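Trainee: Could we go through this model together? I would like to understand the reasons behind the labels.
Mentor: Gladly; let us take a look.

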Amino acid sequence: MKFSVGRLIAVAALIGLAARPMAATIGIAHAETRIGAVSTNFRLLGADDKVVVERLEDPKLPNVACYASFAKTGGVKGSLGVATDPSRFALSCIATGPVTLPTGLPAKKQIAAISASFLVKHFNLYRLVDPDHKAVVYMLISTKIIHGSPANAVSAVPVSGG
C-alpha cells in the first residue's frame, strides 16, 4: 500500500489529537500559546529548525505566566511530527499581578507538558512551593516514558502578602 506525504501528515495529526484527551484526563495542561519562533537552520525539505517560545499558565495561580523556549527540529520528520526535539530549553516565569497561594495547594504538582517527540518525550512543567521564602518555584524537565533525562530549567515567582 502506498502512502502519500499528505496522508502521512493527516495520520500523524490524528494521532496527536488522540493523545491530548489522555493528558487532559490526568489534569495536565498542554502548552497552547505560541508566542513566536525564530528559524535557526535552513532545511531544503520540510520546515526549518527553529527555537520556539510558548507561554504556559498555572491553572491554580492565575497571575503567573511561564515562558519556555526550546529547539524544534524541522526537516521532513519534523514536518510529519515524528522527529525527536533536542532537550535544550530555557524557562522564565513572571508574576503579572499579586500571587497568593490558595488553601490546599500541593507542595509539588506537574501542571503542564510540551510534546518533544512522537509519544515518547515531553518537557514537563512542575510547580513547587517554598513556604520559607514565600515563593513558587517552577521546574521544566525533559523526560521520556521509560527513562528520565537530567535536562532541566528553574524559575521562581514571589508570593504576595503574608
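Trainee: Which residues do ring pairs link into a cluster?
Mentor: Ring pairs join F70, F89 and F123 into a cluster. Keep in mind that this is a predicted model. The count of aromatic pairs comes to 2.

Trainee: What makes the pair of F70 and F123 edge-to-face?
Mentor: The ring centres of F70 and F123 are 6.0 Å apart and the planes meet at 70 degrees. Centres within 6.5 Å make a pair, and planes over 60 degrees apart count as edge-to-face, so the label fits. F70 lies in strand β4 and F123 in strand β7, so the pair ties together parts that are 53 residues apart in sequence.

Trainee: And why is the pair of F89 and F123 called tilted?
Mentor: Here the centres are 4.8 Å apart and the planes stand at 50 degrees. That angle is neither under 30 nor over 60 degrees, so the pair is tilted. F89 belongs to strand β5 and F123 to strand β7, 34 residues apart.

Trainee: How do you know whether F89 and F123 are buried or exposed?
Mentor: Buried means under 20% relative accessible area. F89 has 16%, so F89 counts as buried. F123, at 1%, is buried because that value also falls under the cut-off.

Trainee: Why is L44 called exposed?
Mentor: Its relative accessible area is 76%, and exposed means over 50%, so L44 qualifies. L44 sits in the loop between β2 and β3. With F42, L45 and V76, L44 makes a nonpolar surface patch of about 500 Å².

Terms used. Residues are numbered from 1 along each chain as its sequence is written. This is a predicted model: local features need pLDDT of at least 70, side-chain atom pairs count only at pLDDT 80 or more; totals for chains, interfaces and linings use all residues. Side-chain values use heavy atoms; hydrogens and water are left out. Patches are made of residues with over 30% relative accessible area and no salt bridge: like charges are joined within 9 Å, nonpolar side chains (Val, Leu, Ile, Met, Phe, Trp, Tyr) within 5 Å. Accessible areas come from the Shrake-Rupley method with a 1.4 Å probe; for residues, only the protein chains shown count as cover. A salt bridge is a side-chain nitrogen of Lys or Arg within 4 Å of a carboxyl oxygen of Asp or Glu. Helices (H or I, at least four residues) and strands (E, at least two) are DSSP runs, numbered from the N terminus. Buried means under 20% relative accessible area, exposed over 50%, partly exposed in between (1.4 Å probe, protein chains only).
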